[in-house]
Amino acid sequence: MRPLIEPRPFRPYHQRDLDKIPQFQKLSPERRLAVRAVASVLPFRVNAYVVDELIDWDRVPDDPMFQLTFPQPDMLEPDDLERMVALIARDAPQAEIAAAARAIQGRLNPHPAGQRDLNVPRLDGMTLPGMQHKYRETVLFFPQQGQTCHSYCTYCFRWAQFVGLEELKFASSQAEMLVEYLRRHPCVTDVLFTGGDPLVMRTEVLARYVEPLLAPELEHVSHIRLGTKAPAYWPHRFVTDRDADDLLRLFERVVAAGRHLAVMAHFSHPVELSTPAAEEAIRRIRSTGAEVRCQAPLIRHVNDDPRAWAEMWRRQVRLGAIPYYFFVERDTGPKRYFEVPLARGLEIYQQAYRQVSGLCRTVRGPSMSATPGKVQVVGTTFLGSQEVFVLRFLQARDPAWVNRLFFAKMDRRASWLDDLRPFGAPEFFFERRMRELKAGARSPAMWAGEAEVA
Ligand SMILES: *Cc1c(COP(=O)(O)O)cnc(C)c1O
(Lines give C-alpha, C1' and ligand atoms only; values in the text may rest on other atoms or scores of the structure.)
Protein backbone atom coordinates (compact mmCIF):
# COMPACT_ATOMS: atom_id res chain seq x y z
CA MET A 1 0.00 0.00 0.00
CA ARG A 2 1.22 3.47 -0.79
CA PRO A 3 1.86 5.79 2.14
CA LEU A 4 -0.62 8.57 2.67
CA ILE A 5 1.11 11.91 2.17
CA GLU A 6 -0.36 14.63 4.34
CA PRO A 7 -0.84 17.99 2.63
CA ARG A 8 1.60 20.61 3.90
CA PRO A 9 1.20 24.35 3.62
CA PHE A 10 4.18 25.82 1.78
CA ARG A 11 5.97 27.87 4.43
CA PRO A 12 9.18 29.57 3.32
CA TYR A 13 11.68 31.11 5.73
CA HIS A 14 13.98 33.99 4.76
CA GLN A 15 16.77 35.80 6.59
CA ARG A 16 14.33 37.81 8.72
CA ASP A 17 12.47 34.60 9.71
CA LEU A 18 15.47 32.67 11.04
CA ASP A 19 14.23 32.94 14.62
CA LYS A 20 10.94 31.34 13.61
CA ILE A 21 12.70 28.09 12.71
CA PRO A 22 12.49 26.02 15.91
CA GLN A 23 15.55 23.89 15.10
CA PHE A 24 17.66 27.00 14.41
CA GLN A 25 17.53 27.82 18.12
CA LYS A 26 19.62 24.73 18.83
CA LEU A 27 22.67 26.34 17.19
CA SER A 28 25.24 28.25 19.19
CA PRO A 29 24.76 32.04 19.42
CA GLU A 30 27.94 32.59 17.36
CA ARG A 31 26.75 30.30 14.59
CA ARG A 32 23.30 31.93 14.56
CA LEU A 33 24.88 35.35 14.21
CA ALA A 34 27.15 34.17 11.40
CA VAL A 35 24.25 32.57 9.51
CA ARG A 36 22.28 35.78 9.86
CA ALA A 37 25.24 37.81 8.59
CA VAL A 38 25.98 35.62 5.56
CA ALA A 39 22.27 35.34 4.75
CA SER A 40 22.13 39.10 4.37
CA VAL A 41 24.65 38.84 1.49
CA LEU A 42 23.86 35.52 -0.19
CA PRO A 43 20.34 34.41 -0.98
CA PHE A 44 18.67 32.40 1.75
CA ARG A 45 15.37 30.61 1.65
CA VAL A 46 14.32 27.29 3.09
CA ASN A 47 10.92 25.80 3.80
CA ALA A 48 9.52 23.68 6.59
CA TYR A 49 9.82 20.45 4.56
CA VAL A 50 13.57 20.96 4.06
CA VAL A 51 14.01 21.93 7.71
CA ASP A 52 11.90 19.10 9.18
CA GLU A 53 12.53 16.20 6.82
CA LEU A 54 15.84 16.68 5.01
CA ILE A 55 18.21 18.26 7.54
CA ASP A 56 19.48 16.04 10.35
CA TRP A 57 19.80 18.67 13.08
CA ASP A 58 21.85 16.34 15.27
CA ARG A 59 24.59 16.53 12.62
CA VAL A 60 24.54 20.30 12.12
CA PRO A 61 26.71 22.09 11.01
CA ASP A 62 28.23 19.17 9.06
CA ASP A 63 24.92 17.82 7.85
CA PRO A 64 25.01 17.92 4.02
CA MET A 65 21.49 19.35 3.64
CA PHE A 66 22.26 22.06 6.19
CA GLN A 67 25.39 22.90 4.19
CA LEU A 68 23.34 22.90 1.00
CA THR A 69 20.68 25.32 2.23
CA PHE A 70 22.04 27.41 5.12
CA PRO A 71 24.72 30.07 4.56
CA GLN A 72 28.01 29.17 6.25
CA PRO A 73 30.54 31.59 7.77
CA ASP A 74 33.38 30.53 5.45
CA MET A 75 31.36 31.43 2.35
CA LEU A 76 32.53 35.02 2.80
CA GLU A 77 36.08 36.34 2.92
CA PRO A 78 37.14 36.75 6.57
CA ASP A 79 37.05 40.57 6.53
CA ASP A 80 33.70 40.64 4.74
CA LEU A 81 32.32 38.22 7.30
CA GLU A 82 33.66 40.30 10.12
CA ARG A 83 32.08 43.48 8.73
CA MET A 84 28.68 41.85 8.23
CA VAL A 85 28.73 40.19 11.66
CA ALA A 86 29.55 43.54 13.27
CA LEU A 87 26.65 45.24 11.46
CA ILE A 88 24.17 42.54 12.44
CA ALA A 89 25.46 42.35 16.02
CA ARG A 90 24.90 46.05 16.61
CA ASP A 91 21.54 45.93 14.85
CA ALA A 92 22.63 48.44 12.21
CA PRO A 93 19.99 50.18 10.08
CA GLN A 94 18.66 48.06 7.22
CA ALA A 95 20.03 50.47 4.59
CA GLU A 96 23.54 50.20 5.99
CA ILE A 97 23.41 46.40 6.01
CA ALA A 98 22.05 46.37 2.45
CA ALA A 99 24.79 48.71 1.19
CA ALA A 100 27.55 46.59 2.73
CA ALA A 101 25.97 43.44 1.29
CA ARG A 102 25.78 44.97 -2.18
CA ALA A 103 29.46 45.89 -2.14
CA ILE A 104 30.33 42.25 -1.45
CA GLN A 105 27.84 40.93 -4.02
CA GLY A 106 29.38 43.19 -6.65
CA ARG A 107 32.71 41.39 -6.25
CA LEU A 108 31.18 37.96 -6.82
CA ASN A 109 30.60 36.65 -10.32
CA PRO A 110 27.00 35.79 -11.01
CA HIS A 111 26.92 35.22 -14.79
CA PRO A 112 29.83 33.07 -15.90
CA ALA A 113 30.43 31.33 -19.22
CA GLY A 114 29.38 34.14 -21.55
CA GLN A 115 25.74 33.89 -20.59
CA ARG A 116 25.05 37.58 -20.70
CA ASP A 117 25.92 38.15 -24.32
CA LEU A 118 27.00 35.11 -26.30
CA ASN A 119 23.91 33.05 -25.63
CA VAL A 120 21.14 35.61 -25.92
CA PRO A 121 19.19 35.08 -29.14
CA ARG A 122 17.64 37.75 -31.35
CA LEU A 123 14.47 38.03 -33.31
CA ASP A 124 14.21 40.69 -36.03
CA GLY A 125 17.19 42.47 -34.50
CA MET A 126 15.67 42.48 -31.01
CA THR A 127 17.37 40.55 -28.23
CA LEU A 128 15.26 38.05 -26.31
CA PRO A 129 16.49 38.45 -22.74
CA GLY A 130 14.44 35.60 -21.25
CA MET A 131 16.06 33.02 -23.49
CA GLN A 132 19.43 31.45 -24.14
CA HIS A 133 20.44 29.50 -27.21
CA LYS A 134 23.90 28.05 -26.87
CA TYR A 135 23.63 24.57 -28.35
CA ARG A 136 21.90 24.11 -31.69
CA GLU A 137 19.19 21.67 -30.55
CA THR A 138 18.19 23.28 -27.28
CA VAL A 139 16.68 26.62 -26.29
CA LEU A 140 16.66 27.59 -22.62
CA PHE A 141 13.66 29.60 -21.53
CA PHE A 142 13.41 31.55 -18.26
CA PRO A 143 9.73 32.22 -17.60
CA GLN A 144 9.30 35.46 -15.72
CA GLN A 145 7.21 33.95 -12.92
CA GLY A 146 9.67 31.10 -12.42
CA GLN A 147 12.66 33.11 -11.22
CA THR A 148 12.61 31.84 -7.66
CA CYS A 149 12.85 28.43 -5.95
CA HIS A 150 11.18 26.50 -3.13
CA SER A 151 14.47 26.64 -1.25
CA TYR A 152 17.79 28.11 -2.32
CA CYS A 153 21.03 26.18 -2.68
CA THR A 154 23.90 28.03 -1.10
CA TYR A 155 26.20 27.50 -4.10
CA CYS A 156 23.68 28.57 -6.71
CA PHE A 157 25.14 30.45 -9.69
CA ARG A 158 21.75 32.07 -10.35
CA TRP A 159 21.90 33.86 -7.02
CA ALA A 160 21.84 37.33 -8.57
CA GLN A 161 18.23 36.64 -9.52
CA PHE A 162 17.22 36.30 -5.90
CA VAL A 163 18.89 39.27 -4.28
CA GLY A 164 17.20 41.98 -6.28
CA LEU A 165 19.98 42.94 -8.68
CA GLU A 166 17.40 43.75 -11.31
CA GLU A 167 19.69 44.47 -14.21
CA LEU A 168 21.25 41.02 -13.95
CA LYS A 169 17.99 39.23 -14.17
CA PHE A 170 17.13 37.01 -17.10
CA ALA A 171 13.40 36.96 -17.41
CA SER A 172 10.69 36.88 -19.99
CA SER A 173 6.95 36.77 -20.05
CA GLN A 174 7.22 36.48 -23.76
CA ALA A 175 5.78 33.09 -24.58
CA GLU A 176 4.81 34.46 -27.99
CA MET A 177 8.39 35.38 -28.78
CA LEU A 178 9.49 31.91 -27.78
CA VAL A 179 6.98 30.42 -30.20
CA GLU A 180 8.04 32.75 -33.00
CA TYR A 181 11.71 32.03 -32.39
CA LEU A 182 11.07 28.29 -32.45
CA ARG A 183 9.00 28.57 -35.62
CA ARG A 184 12.00 30.16 -37.34
CA HIS A 185 14.48 27.64 -35.92
CA PRO A 186 13.46 24.18 -37.07
CA CYS A 187 16.84 22.90 -35.83
CA VAL A 188 15.60 23.23 -32.25
CA THR A 189 14.28 19.94 -30.89
CA ASP A 190 14.42 20.77 -27.18
CA VAL A 191 13.02 23.54 -25.04
CA LEU A 192 14.31 23.57 -21.49
CA PHE A 193 12.30 25.60 -18.99
CA THR A 194 14.58 26.80 -16.28
CA GLY A 195 14.86 29.63 -13.76
CA GLY A 196 14.91 29.78 -10.77
CA ASP A 197 12.54 26.88 -10.88
CA PRO A 198 9.65 26.79 -13.37
CA LEU A 199 7.68 24.60 -10.95
CA VAL A 200 7.27 27.43 -8.46
CA MET A 201 4.71 28.67 -11.00
CA ARG A 202 1.09 27.72 -10.54
CA THR A 203 0.03 25.10 -13.06
CA GLU A 204 -2.17 27.51 -14.98
CA VAL A 205 0.75 29.90 -15.48
CA LEU A 206 3.11 27.11 -16.53
CA ALA A 207 0.46 25.84 -18.94
CA ARG A 208 0.42 29.22 -20.65
CA TYR A 209 4.05 28.70 -21.61
CA VAL A 210 3.98 24.97 -22.33
CA GLU A 211 0.74 24.52 -24.28
CA PRO A 212 1.64 26.80 -27.22
CA LEU A 213 4.62 24.50 -27.86
CA LEU A 214 2.24 21.63 -28.58
CA ALA A 215 0.90 23.31 -31.75
CA PRO A 216 1.36 21.23 -34.93
CA GLU A 217 3.58 23.95 -36.47
CA LEU A 218 6.10 23.30 -33.66
CA GLU A 219 6.20 19.56 -34.29
CA HIS A 220 10.02 19.81 -34.47
CA VAL A 221 10.11 20.64 -30.73
CA SER A 222 9.94 16.99 -29.78
CA HIS A 223 11.41 17.25 -26.26
CA ILE A 224 10.19 19.53 -23.52
CA ARG A 225 12.26 19.67 -20.36
CA LEU A 226 11.49 21.21 -16.99
CA GLY A 227 14.62 21.89 -14.95
CA THR A 228 13.55 21.74 -11.31
CA LYS A 229 14.56 21.16 -7.73
CA ALA A 230 10.92 20.68 -6.65
CA PRO A 231 11.08 16.86 -6.32
CA ALA A 232 13.87 17.41 -3.76
CA TYR A 233 12.79 20.59 -1.96
CA TRP A 234 9.02 20.54 -2.39
CA PRO A 235 7.70 17.14 -3.59
CA HIS A 236 4.24 18.19 -2.45
CA ARG A 237 4.13 20.21 -5.68
CA PHE A 238 3.33 16.90 -7.43
CA VAL A 239 1.37 15.24 -4.64
CA THR A 240 -0.78 17.38 -2.35
CA ASP A 241 -0.60 21.00 -3.55
CA ARG A 242 -3.98 22.31 -4.63
CA ASP A 243 -2.98 22.24 -8.29
CA ALA A 244 -0.81 19.10 -8.15
CA ASP A 245 -3.37 17.06 -10.06
CA ASP A 246 -3.70 19.82 -12.66
CA LEU A 247 0.06 19.68 -13.12
CA LEU A 248 -0.10 15.95 -13.81
CA ARG A 249 -2.93 16.54 -16.31
CA LEU A 250 -0.72 19.12 -18.06
CA PHE A 251 2.09 16.56 -18.23
CA GLU A 252 -0.38 14.07 -19.72
CA ARG A 253 -1.42 16.59 -22.39
CA VAL A 254 2.22 17.06 -23.41
CA VAL A 255 2.66 13.31 -23.70
CA ALA A 256 -0.64 12.93 -25.56
CA ALA A 257 0.57 15.55 -28.06
CA GLY A 258 3.35 13.11 -28.93
CA ARG A 259 6.13 15.01 -27.20
CA HIS A 260 8.72 13.70 -24.78
CA LEU A 261 8.46 15.39 -21.40
CA ALA A 262 11.53 15.23 -19.19
CA VAL A 263 11.51 16.48 -15.63
CA MET A 264 15.19 17.33 -15.15
CA ALA A 265 15.31 16.85 -11.41
CA HIS A 266 18.08 18.34 -9.38
CA PHE A 267 19.02 15.85 -6.64
CA SER A 268 22.16 16.62 -4.65
CA HIS A 269 22.10 13.98 -1.96
CA PRO A 270 20.41 10.58 -1.44
CA VAL A 271 18.47 11.87 1.56
CA GLU A 272 16.40 13.98 -0.85
CA LEU A 273 15.13 10.74 -2.42
CA SER A 274 14.38 9.04 0.87
CA THR A 275 11.14 10.60 2.04
CA PRO A 276 7.71 9.12 1.25
CA ALA A 277 6.73 12.44 -0.36
CA ALA A 278 9.73 12.40 -2.73
CA GLU A 279 9.07 8.78 -3.71
CA GLU A 280 5.43 9.53 -4.33
CA ALA A 281 6.31 12.63 -6.39
CA ILE A 282 8.51 10.58 -8.72
CA ARG A 283 5.89 7.85 -8.99
CA ARG A 284 3.20 10.37 -9.91
CA ILE A 285 5.37 12.18 -12.48
CA ARG A 286 6.19 8.90 -14.16
CA SER A 287 2.53 7.83 -14.13
CA THR A 288 1.86 10.59 -16.67
CA GLY A 289 4.36 9.20 -19.18
CA ALA A 290 6.96 11.83 -18.35
CA GLU A 291 10.52 10.77 -17.55
CA VAL A 292 12.59 11.94 -14.62
CA ARG A 293 16.27 12.58 -15.36
CA CYS A 294 18.57 13.55 -12.55
CA GLN A 295 21.49 15.93 -12.37
CA ALA A 296 23.52 17.80 -9.78
CA PRO A 297 26.87 19.43 -9.30
CA LEU A 298 29.60 18.02 -7.12
CA ILE A 299 29.76 20.24 -4.04
CA ARG A 300 32.33 20.14 -1.28
CA HIS A 301 30.67 19.70 2.16
CA VAL A 302 27.51 18.35 0.47
CA ASN A 303 28.22 15.40 -1.82
CA ASP A 304 32.01 15.11 -2.20
CA ASP A 305 31.80 11.44 -1.30
CA PRO A 306 31.56 8.55 -3.79
CA ARG A 307 29.19 6.65 -1.49
CA ALA A 308 26.67 9.48 -1.61
CA TRP A 309 26.61 9.44 -5.43
CA ALA A 310 26.47 5.65 -5.74
CA GLU A 311 23.62 5.50 -3.25
CA MET A 312 21.85 8.35 -5.01
CA TRP A 313 22.09 6.76 -8.47
CA ARG A 314 20.83 3.42 -7.12
CA ARG A 315 17.84 5.08 -5.48
CA GLN A 316 17.10 7.02 -8.64
CA VAL A 317 17.07 3.89 -10.80
CA ARG A 318 15.02 1.99 -8.24
CA LEU A 319 12.39 4.74 -8.41
CA GLY A 320 12.45 4.71 -12.21
CA ALA A 321 14.45 7.91 -12.62
CA ILE A 322 17.48 8.18 -14.91
CA PRO A 323 20.89 9.44 -13.73
CA TYR A 324 21.94 12.08 -16.29
CA TYR A 325 24.61 14.67 -15.41
CA PHE A 326 27.34 14.92 -12.75
CA PHE A 327 28.46 18.54 -12.97
CA VAL A 328 31.52 20.35 -11.77
CA GLU A 329 30.48 23.44 -9.82
CA ARG A 330 31.03 26.53 -11.93
CA ASP A 331 33.21 29.49 -11.10
CA THR A 332 30.79 31.74 -9.33
CA GLY A 333 29.70 33.17 -6.02
CA PRO A 334 31.33 31.68 -2.92
CA LYS A 335 32.95 29.06 -5.08
CA ARG A 336 36.07 28.37 -3.07
CA TYR A 337 33.90 27.07 -0.25
CA PHE A 338 32.37 24.47 -2.53
CA GLU A 339 35.26 23.86 -4.88
CA VAL A 340 36.49 20.35 -5.58
CA PRO A 341 39.58 20.12 -7.83
CA LEU A 342 38.96 18.34 -11.15
CA ALA A 343 41.37 15.52 -10.28
CA ARG A 344 39.51 14.84 -7.03
CA GLY A 345 36.13 15.21 -8.74
CA LEU A 346 37.17 12.61 -11.27
CA GLU A 347 38.22 10.23 -8.47
CA ILE A 348 34.88 10.64 -6.72
CA TYR A 349 33.03 10.06 -9.97
CA GLN A 350 35.07 6.98 -10.90
CA GLN A 351 34.77 5.44 -7.44
CA ALA A 352 31.00 5.93 -7.46
CA TYR A 353 30.62 4.73 -11.06
CA ARG A 354 32.56 1.54 -10.32
CA GLN A 355 30.20 0.62 -7.47
CA VAL A 356 26.98 0.62 -9.47
CA SER A 357 25.46 -1.54 -12.19
CA GLY A 358 25.14 -0.53 -15.82
CA LEU A 359 21.60 0.77 -15.29
CA CYS A 360 23.06 3.60 -13.20
CA ARG A 361 25.80 4.36 -15.71
CA THR A 362 23.60 6.55 -17.86
CA VAL A 363 25.17 9.35 -15.85
CA ARG A 364 27.85 11.48 -17.54
CA GLY A 365 30.54 13.48 -15.87
CA PRO A 366 32.40 15.17 -14.40
CA SER A 367 31.13 17.86 -16.76
CA MET A 368 32.01 21.56 -16.81
CA SER A 369 29.51 23.92 -18.43
CA ALA A 370 32.20 26.23 -19.77
CA THR A 371 32.07 28.97 -22.42
CA PRO A 372 32.89 26.68 -25.39
CA GLY A 373 30.62 23.86 -24.21
CA LYS A 374 30.09 21.06 -21.75
CA VAL A 375 33.50 19.51 -21.23
CA GLN A 376 33.72 16.09 -19.66
CA VAL A 377 36.80 14.96 -17.79
CA VAL A 378 36.93 11.47 -19.25
CA GLY A 379 39.98 10.30 -17.33
CA THR A 380 43.70 10.62 -16.97
CA THR A 381 46.48 8.85 -18.83
CA PHE A 382 50.14 9.16 -19.77
CA LEU A 383 51.31 10.46 -23.15
CA GLY A 384 54.97 9.54 -23.03
CA SER A 385 56.06 10.66 -19.59
CA GLN A 386 53.49 13.46 -19.29
CA GLU A 387 50.36 12.75 -17.28
CA VAL A 388 47.31 14.35 -18.91
CA PHE A 389 43.59 14.80 -18.48
CA VAL A 390 41.57 13.28 -21.31
CA LEU A 391 38.70 15.64 -22.09
CA ARG A 392 35.79 15.66 -24.52
CA PHE A 393 32.91 17.90 -25.45
CA LEU A 394 29.55 16.45 -24.45
CA GLN A 395 27.92 19.57 -25.87
CA ALA A 396 29.58 22.35 -27.85
CA ARG A 397 28.89 25.82 -29.14
CA ASP A 398 30.11 24.57 -32.51
CA PRO A 399 28.41 21.21 -33.14
CA ALA A 400 31.53 19.98 -34.96
CA TRP A 401 33.37 19.82 -31.62
CA VAL A 402 30.97 17.34 -29.98
CA ASN A 403 32.65 14.13 -28.87
CA ARG A 404 36.12 15.35 -29.87
CA LEU A 405 38.79 14.19 -27.45
CA PHE A 406 41.55 16.54 -26.37
CA PHE A 407 44.26 16.63 -23.75
CA ALA A 408 45.36 18.94 -20.97
CA LYS A 409 48.43 18.73 -18.77
CA MET A 410 47.75 17.20 -15.40
CA ASP A 411 47.31 19.84 -12.73
CA ARG A 412 46.05 18.54 -9.40
CA ARG A 413 44.94 22.00 -8.27
CA ALA A 414 42.98 22.89 -11.41
CA SER A 415 39.25 23.18 -10.78
CA TRP A 416 37.98 24.56 -14.09
CA LEU A 417 38.73 24.50 -17.81
CA ASP A 418 40.40 27.93 -17.57
CA ASP A 419 42.98 26.48 -15.16
CA LEU A 420 44.07 23.82 -17.66
CA ARG A 421 46.92 24.07 -20.20
CA PRO A 422 46.87 22.18 -23.49
CA PHE A 423 49.20 19.26 -24.07
CA GLY A 424 51.39 19.27 -27.18
CA ALA A 425 49.97 22.47 -28.70
CA PRO A 426 50.11 26.19 -27.89
CA GLU A 427 46.35 26.32 -27.42
CA PHE A 428 43.29 24.05 -27.30
CA PHE A 429 41.88 23.17 -30.72
CA PHE A 430 38.72 25.22 -30.18
CA GLU A 431 40.31 28.46 -29.02
CA ARG A 432 40.80 30.15 -32.38
CA ARG A 433 37.23 29.51 -33.46
CA MET A 434 36.05 30.58 -30.03
CA ARG A 435 37.73 33.98 -30.52
CA GLU A 436 35.93 34.37 -33.85
CA LEU A 437 32.61 33.54 -32.25
CA LYS A 438 33.20 36.03 -29.44
CA ALA A 439 34.08 38.70 -32.00
CA GLY A 440 30.73 37.98 -33.70
CA ALA A 441 29.09 37.86 -30.26
CA ARG A 442 26.90 34.97 -31.41
CA SER A 443 26.63 31.26 -31.14
CA PRO A 444 26.30 29.33 -34.42
CA ALA A 445 23.15 27.90 -32.83
CA MET A 446 21.30 31.08 -33.69
CA TRP A 447 22.48 31.60 -37.24
CA ALA A 448 20.01 29.47 -39.16
CA GLY A 449 16.94 31.46 -38.13
CA GLU A 450 18.66 34.80 -38.58
CA ALA A 451 19.57 33.96 -42.16
CA GLU A 452 15.90 33.41 -42.88
CA VAL A 453 14.96 36.74 -41.39
CA ALA A 454 17.68 38.70 -43.15
C1 LIG B 1 23.36 21.55 -20.54
C2 LIG B 1 22.77 22.57 -21.42
C3 LIG B 1 21.83 22.22 -22.39
C4 LIG B 1 21.35 20.80 -22.58
O5 LIG B 1 22.36 19.93 -23.01
P6 LIG B 1 22.04 18.38 -23.19
O7 LIG B 1 23.38 17.74 -23.37
O8 LIG B 1 21.18 18.25 -24.40
O9 LIG B 1 21.35 17.93 -21.96
C10 LIG B 1 21.35 23.23 -23.20
N11 LIG B 1 21.76 24.51 -23.08
C12 LIG B 1 22.67 24.88 -22.15
C13 LIG B 1 23.11 26.30 -22.09
C14 LIG B 1 23.20 23.93 -21.29
O15 LIG B 1 24.11 24.31 -20.37
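This passage looks at the ligand site and then at the salt bridges of a predicted model.

The ligand first. Its shell is made up of Lys134, Tyr135, Thr138, Leu140, Arg225, Tyr324, Tyr325, Lys374 and Gln395. Sorted by class, that gives four nonpolar, two polar and three charged residues. Three strands each put at least two residues into this shell, namely S5 (131–135), S6 (138–141) and S11 (322–328).

Several side chains reach oxygen atoms of the ligand with a polar atom. For Tyr325, an N or O atom of the side chain sits 2.6 Å from a ligand oxygen. Arg225 does much the same with an N or O atom of its side chain, here at 2.7 Å from an oxygen of the ligand. Tyr324 also brings a polar side-chain atom to 2.7 Å from a ligand oxygen. As for cover, the ligand on its own has 390 Å² of accessible area, and the protein covers 86% of it.

Two of the strands that line the site, S5 and S6, also belong together in the fold. They run antiparallel and are joined by three bridges. The pair makes a hairpin, with two residues between the strands. One of the bridges can be picked out by name: Tyr135 has Thr138 in S6 as its partner, and both Tyr135 and Thr138 turn up in the ligand shell. S5 itself is mostly covered, with five of its five residues buried.

Now for the charged pairs. The model has 28 salt bridges in total, and a few of them are worth walking through.

Asp52 and Arg8 make one of these, with N to O at 3.6 Å between their side chains. Asp52 belongs to helix H2 (residues 48–54) while Arg8 comes from the segment before strand S1 (12–13), so this salt bridge ties together parts of the chain 44 residues apart in sequence. Asp52 is partly exposed at 42% relative accessibility, and Arg8 is likewise partly exposed, with a relative accessible area of 21%. For Arg8, the value falls just on the partly exposed side because buried means under 20%.

A second pair that spans the sequence is Arg253 with Glu211, whose closest N and O atoms are 2.6 Å apart. Arg253 is part of helix H10 (residues 244–256), and Glu211 is in the loop between helix H7 (203–210) and strand S8 (223–228), so the pair links parts that are 42 residues apart in sequence. Both partners are partly exposed: Arg253 has 38% relative accessibility, and Glu211 has 33%.

The salt bridge between Arg183 and Glu180 is a local affair, with the closest N and O atoms 2.9 Å apart. Both residues are in helix H6 (residues 175–183), and since they are three residues apart there, about one helical turn separates them. Arg183 is partly exposed, at a relative accessible area of 39%, and Glu180 is partly exposed too, at 21%. This pair does not stand alone, though. Arg183 and Glu180 are part of a network of salt bridges that also takes in Asp124 and Arg184.

Terms used:
Residues numbered from 1 in each chain as written. Predicted model: local features only at pLDDT ≥ 70, side-chain atom pairs only at ≥ 80, totals over all residues. Heavy atoms only, no water. Salt bridge = Lys/Arg side-chain N within 4 Å of Asp/Glu carboxyl O. Helix = DSSP H or I, 4+ residues; strand = E, 2+ residues; numbered from the N terminus. Buried < 20%, exposed > 50% of the residue type's maximum accessible area, 1.4 Å probe, protein only. Near = heavy atom within 4 Å. Polar contact = N/O pair within 3.5 Å; in protein donor to acceptor, adjacent residues only side chain to side chain. Areas by Shrake-Rupley, 256 points an atom, 1.4 Å probe, with all protein chains shown as cover. Nonpolar A, V, L, I, M, F, W, Y, C, P; charged D, E, K, R; others polar. Pairing = 2+ DSSP bridges.
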